[in-house]
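Colleague: Please give me a close look at the helices of this model, together with the loops that join them. I should like one connected account.

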Amino acid sequence: MMASIKTSPLIFCSSKRVHAAIHVPKLPRINFSVPKIPTTNLVQESKFTNTTPLLEKFNVTSTQLQDDVNHSTTSKYLFQLYAILEAVADRVEMHNNVCEQRNNWNTLLLNSINMITLTATTMVGVAAATNEVAAPLLPLKLSSALLFSAATGMLLIMNKIQPSQLAEEQRNATRLFKQLQAQIQTTIAVGNATEKDVKCAMEKVLALDKAYPLPLLGAMLEKYPAKFEPAVWWPSNQFQKKNGGKGKSKKMEENNGWSKELEMEMREVVEVVKRKDIEDYERLGNIAMKVNKSLAIAGPLMTGIAAIGCGFIGNGSSFAALVTLMAGSLGAAINTFEHGGQVGMVFEMYRNSAGFFNMVEASIESTLEEDHLEKRENGELFEMKMALQLGRSVSQLRELASKSSSYRMEGIHIDEFASKLF
């Protein structure tokens, strides 16, 4: 008898699968259209005016984007300034090494030529003393003549290149390149480098290269110019004069640190520099140039006379020996005074000093001729820089300008004013 099996109303079992008795209806399919996200570069989109919603969607404002572009541009100019800075540092080292080398030239050539000249003079004296005992004089005469000839040739070369003047040129170049190096480092430290800063630094480097060349052949500065000319180591367009006289600011009140009193002070400083300092250094430079020319001619002339006189020794006359001895001794003395005293270096020092005061004059005049005060350098800063360059404090510079103005109004000559002031 089979028992009846009751099945649940919810499920029924199978030997293989279990099926749910409750059937859930299928949901209908719904198609969604997803908009495409624009893939245009944000920097390119920022060039158009209709992209503000897009930038706001990504939390990027136009100001932030412009700051990023400016930062990228500034970084480019900073890299260029760093490249120029490396070149300037290399030039500082090169000019310093060349300065030591040419200073050694001066010392070695001076000592060598003097030793040769004095040795030849001693041999002439020995030949003149042994003339009466009929000793063979040909070896002494020939040796002394060759030594005097060698001294004459070396003197001509030494006077042509003027090693002491060459060394002074390299000292000035080293100092000015170090000054430029400090200026570039200051610009980098302040930040916000511009294309103008890069261009200005490049022009200064090239101007210094032209003013103080390293090679001797083909680029060496003229050591005996026909006219004394101060050194110029700044770019020709650095102190370009502007058209002044019109378009001045409405009232010369405190505007960018400038005032009428400060302008008058700077004009008086220019007058003192022009009439006193520049004239003095040009006068001293002309004297040093003439002395250097005279000594450069006299030295080889004396040793040349001594070389010729050696051939007349021993012919029964002591006059030839006397002339030869005197010429040889004078040649050594002149060479010592010229190159031991470094007359060429003194001439270059005066040339550089006159150039410095010319630069101060040009800097002040170009600044004062700028019509718009806001485009000038700050007046107080400019006054302080001029005072430091002239070796004075700001109060001393103002006192100098006031005394110059008062003496000029009284009709006192500038030389009398300078004697009272200094």
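Modeller: Helices here are DSSP runs of H or I with at least four residues, numbered from the N terminus. The model is a predicted one. On that basis, Leu142 belongs to helix α4, which covers residues 138-161. Together with Leu138 and Leu146, Leu142 makes a nonpolar surface patch of about 340 Å².

I turn next to the loops. Asn192 sits in the loop that links α5 (163-190) to α6 (195-211). Although Asn192 is not a glycine, its phi is positive, at about 55°. Most residues other than glycine have a negative phi. Asn192 counts as exposed because its relative accessibility is 64%, and the cut-off for that class is over 50%.

A second loop, between α8 (319-340) and α9 (343-368), holds Gln342. Gln342 also is a residue other than glycine with a positive phi, near 55°. The relative accessibility of Gln342 is 18%, so Gln342 counts as buried; that class lies under 20%. Asn192 is thus exposed, whereas Gln342 is buried.

Lastly, there is the packing of one helix pair. Two packed helices are described by the angle between their axes and the distance between the axes. For helix α7 (residues 260-309) and helix α10 (residues 379-389), the axes come within 11 Å and cross at roughly 25°. Angles under 35 degrees count as roughly parallel, and α7 and α10 are therefore roughly parallel to each other. The crossing of α7 and α10 is left-handed.

Technical notes: Residues are numbered from 1 along each chain as its sequence is written. This is a predicted model: local features need pLDDT of at least 70, side-chain atom pairs count only at pLDDT 80 or more; totals for chains, interfaces and linings use all residues. Side-chain values use heavy atoms; hydrogens and water are left out. Helices (H or I, at least four residues) and strands (E, at least two) are DSSP runs, numbered from the N terminus. Buried means under 20% relative accessible area, exposed over 50%, partly exposed in between (1.4 Å probe, protein chains only). Patches are made of residues with over 30% relative accessible area and no salt bridge: like charges are joined within 9 Å, nonpolar side chains (Val, Leu, Ile, Met, Phe, Trp, Tyr) within 5 Å. Accessible areas come from the Shrake-Rupley method with a 1.4 Å probe; for residues, only the protein chains shown count as cover. A salt bridge is a side-chain nitrogen of Lys or Arg within 4 Å of a carboxyl oxygen of Asp or Glu. Axes are lines fitted to C-alpha atoms, for helices over the stretch in contact, and angles run from 0 to 180 degrees between N-to-C directions. Angles under 35 degrees count as roughly parallel, over 145 as roughly antiparallel, 65 to 115 as roughly perpendicular and the rest as oblique. A crossing is left-handed if the near helix is turned anticlockwise from the far one by less than a right angle, and right-handed if clockwise.
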